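Ready for a few warm-up exercises on pockets, patches and odd backbone angles? Have the model open and work along.

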Amino acid sequence: MPMFKTPFNGYSVKFSPFYENQLAVATAQNFGILGNGRVHILQLSPNGPISELAAFDTADGVYDVCWSEAHDSLVIAASGDGSVKLYDISLPPTNNPIRSFQEHTREVHSVDYNTVRKDSFLSASWDDTVKLWTVDRNASVRTFKEHAYCVYSAAWNPRHADIFASASGDCSTRIWDVREPGSTMILPAHEFEILTCDWNKYDDCIIATASVDKSIKVWDIRNYRVPITVLNGHGYAVRKVRFSPHRASAMVSCSYDMTVCMWDYMVEDALIGRYDHHTEFAVGVDMSVLVEGLLASTGWDELVYVWQHGMDPRAP
């Protein structure tokens, strides 16, 4: 299966929602502590290597990327300098970024585009806030400030245009409705920092959280006193979790234990696949919306892998 070597440490990888052979990768120099960043736009070929369509250099590390759901050439990047940058990959690097949104006072760790209304996106920051933006406005539409510590992840509900979740180092996950003045629900989901959250793509009341405590928990927000299930199997902090766009009970996770795991949370032996192809922290993972079972991951070993579930990511 193909892989791509990045000059810097990988942080995030996202498949294009428009083209099954395109993906965006966020990278940062020196493990994101100090130095530059780069956004890579990669192209898969049917039987050959991964090629680079475009690359955009940044003054600070890039921690996350997401594709626009409305325009096939627009990519949003979360930057270590507190900015959110908008790139048009149809234009040369000298014409990019086409916009830079500068409001966060600390690193932006996560960006997520609204898949229902397709007109807005979220940014989550170490300044303890989440911000709501539209592509055509320089100023944010709204700031959500309730978390007591870094917000590592914000994720739109896949069915409801106004609802999102945020995961924070304050050990809570909050559910928000942008029409309401404050959060509508607080899940005291873990006893350690929560690094990621994602909604089930088939049941709009099911959400997963994952933490420094090495566990993934699946919750039903209609009855969130106890989780539906707790998935144990990672040896260190779980950095990212993503629900499958094709199978209601499937999800993928990556961890500081250097592995990528595939889960089916509805069965007793929930761990259905473990991939140990990375040689450093695995921090970015995604599942293709357009090709069932196609996975991508990236990590601090400066490698991006793309493979079909059930195959060896390192196989030629």
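**Exercise 1.** Which strand gives the most to the lining of the second largest pocket?

*Solution.* Before we start, note that this is a predicted model, where local features need pLDDT of at least 70, side-chain atom pairs count only at pLDDT 80 or more, and totals for chains, interfaces and linings use all residues. Residues are numbered from 1 along each chain as its sequence is written, and side-chain values use heavy atoms, with hydrogens and water left out.

Step 1: pin down the term. On a 1 Å grid over the protein atoms alone, a pocket is an open set of points where a 1.4 Å probe fits, with protein on both sides within 12 Å along at least five of seven lines; lining residues have an atom within 4 Å of a point.

Step 2: find the strand. Strand S28 (residues 303-308) tops the list with 3 residues; strands here are DSSP runs (E, at least two residues), numbered from the N terminus.

Step 3: look at the middle. Of the 15 lining residues, Pro-2, Leu-44, Ser-45, Pro-46 and Asn-47 lie nearest the centre.

**Exercise 2.** What makes up the lining of the largest pocket, by class?

*Solution.* Step 1: get the residues closest in. The lining has 35 residues, and Lys-14, Asp-112, Asp-198, Lys-201 and Arg-242 lie nearest the centre.

Step 2: see which elements contribute. Those giving two or more residues include strand S2 (9-15), strand S10 (108-113) and strand S22 (238-243).

Step 3: sort by class. You get 20 nonpolar, 5 polar and 10 charged residues. Ala, Val, Leu, Ile, Met, Phe, Trp, Tyr, Cys and Pro count as nonpolar, Asp, Glu, Lys and Arg as charged, and the others, Gly among them, as polar.

**Exercise 3.** Is Asp-128 buried or exposed? And where does Met-258 lie?

*Solution.* Step 1: set the scale. Buried means under 20% relative accessible area, exposed over 50%, and partly exposed in between (1.4 Å probe, protein chains only).

Step 2: take Asp-128. Its relative accessible area is 17%, so Asp-128 is buried. Asp-128 sits in the loop between strand S11 (120-125) and strand S12 (130-134), and its phi is near 80°, a positive value in a residue other than glycine.

Step 3: take Met-258. Look in the loop between strand S23 (250-255) and strand S24 (260-264). Met-258 isn't a glycine either, yet has a positive phi of about 80°. At 31% relative accessibility, Met-258 counts as partly exposed.

**Exercise 4.** Which peptide bond is cis, with omega near -5°?

*Solution.* Go to the loop between strand S8 (83-88) and strand S9 (99-102), where Pro-97 lies. The cis bond runs from Asn-96 to Pro-97.

Key
Helix = DSSP H or I, 4+ residues; strand = E, 2+ residues; numbered from the N terminus.
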